[in-house]
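Please walk through this structure with attention to how charged side chains pair and how the strands and the nonpolar interior are arranged.

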Amino acid sequence: MPQPHQSPNIRIALPDDEEELSLLDRRTWSPLHAVHPQPRPPYPPFFDERHAPGDHLVAELDRRIVGYVRLGFPTPLACNTHVRQIQGLAVADEARGHGVGRALIRAAVAESRRRGARRLTLRVLGHNTPARKLYEAEGFVVEGVLPEEFFLDGAYVDDVIMGRRL
């Protein structure tokens, strides 16, 4: 278990991180944040043509990957390349409450700015209160809500669009 004062090391993912990230992704799956069904074998690759290692920042504690954030473009349009979008965030259960998610969000902001973005956006499920509070604490504001956009685990769930300037 990480120490409360220990800060995670944040770095850009490497191709060799694939297996560890894939396992983390499966272990952290939850209807609280996932719109896809629970993963089942055979598992698709974590990295693919749309999500390369360089699109991910990973958090390490004690040299183990305990979280990641995926950055992408919200659309393939050239006129939209000034915007980056958080397209995935996961933190291992044992690392929750140790600032890993906050460190990843801050690193995503800094990396998006470094890559020339003017805005950073994300989509979060309306019932995911912990994530929404974290994003709000890091400067994201609600920019729109798609009511009852998803039917998950027997209930209709809002899709909340959030963003912030960089």
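In this predicted model, the side chains of Arg115 and Glu111 meet in a salt bridge, with N and O 2.7 Å apart. Glu111 also meets the side chain of Arg114 in a salt bridge, at 2.6 Å from N to O. Because Glu111 and Arg114 lie 3 residues apart in helix α2, about one helical turn separates them. The accessibility of these residues is graded: Glu111 is buried, with a relative accessible area of 10%, while Arg115 is partly exposed at 30% and Arg114 counts as exposed at 59% relative accessibility.

Salt bridges that share partners also join Arg11, Asp17 and Glu60 into one network. Within that network, Glu60 pairs with Arg11, the closest N and O atoms being 3.0 Å apart, and this pair links distant parts of the chain, since Glu60 belongs to strand β2 and Arg11 to strand β1 (residues 9-12), 49 residues away. Glu60 counts as buried because its relative accessibility of 17% is under the 20% cut-off, whereas Arg11, at 21%, counts as partly exposed. The count of salt bridges comes to 10.

From Glu60 the path leads along the strands. Strand β2 (residues 56-61) pairs with β3 in the antiparallel sense over 6 bridges, and within this pairing His56 has Arg70 as its bridge partner in β3. The two strands form a hairpin with 2 residues between them, and Asp62 in the turn has a positive phi of about 55 degrees. Strand β3 is in turn joined by 6 bridges to strand β4 (residues 83-91), again running antiparallel, with Leu89 in β4 as the bridge partner of Val69. Of the 9 residues of β3 (residues 64-72), 8 are buried, so this strand is largely enclosed by the rest of the structure.

The strands bring us to the nonpolar interior. The largest nonpolar core has 34 residues, and those with the most contacts inside it are Leu21, Ile86, Val100, Tyr135 and Phe140. Two or more residues are given to this core by each of α1 (18-27), β2, β3, β4, α2 (100-114), β5 (119-125), α3 (129-137) and β7 (155-165), and the largest share, 6 residues, comes from α2. Which residues does Leu21 contact, leaving aside its neighbours within four places in sequence? Leu21 is in contact with Ala13, Phe46, Phe47, Val58, Ile65 and Tyr68.

Note on methods:
Residues are numbered from 1 along each chain as its sequence is written. This is a predicted model: local features need pLDDT of at least 70, side-chain atom pairs count only at pLDDT 80 or more; totals for chains, interfaces and linings use all residues. Side-chain values use heavy atoms; hydrogens and water are left out. Buried means under 20% relative accessible area, exposed over 50%, partly exposed in between (1.4 Å probe, protein chains only). Helices (H or I, at least four residues) and strands (E, at least two) are DSSP runs, numbered from the N terminus. Two strands pair if DSSP finds at least two bridges between them. A nonpolar core is a set of buried Ala, Val, Leu, Ile, Met, Phe, Trp, Tyr and Cys residues joined through side-chain atoms within 4.5 Å. Contact means heavy atoms within 4.5 Å. A salt bridge is a side-chain nitrogen of Lys or Arg within 4 Å of a carboxyl oxygen of Asp or Glu.
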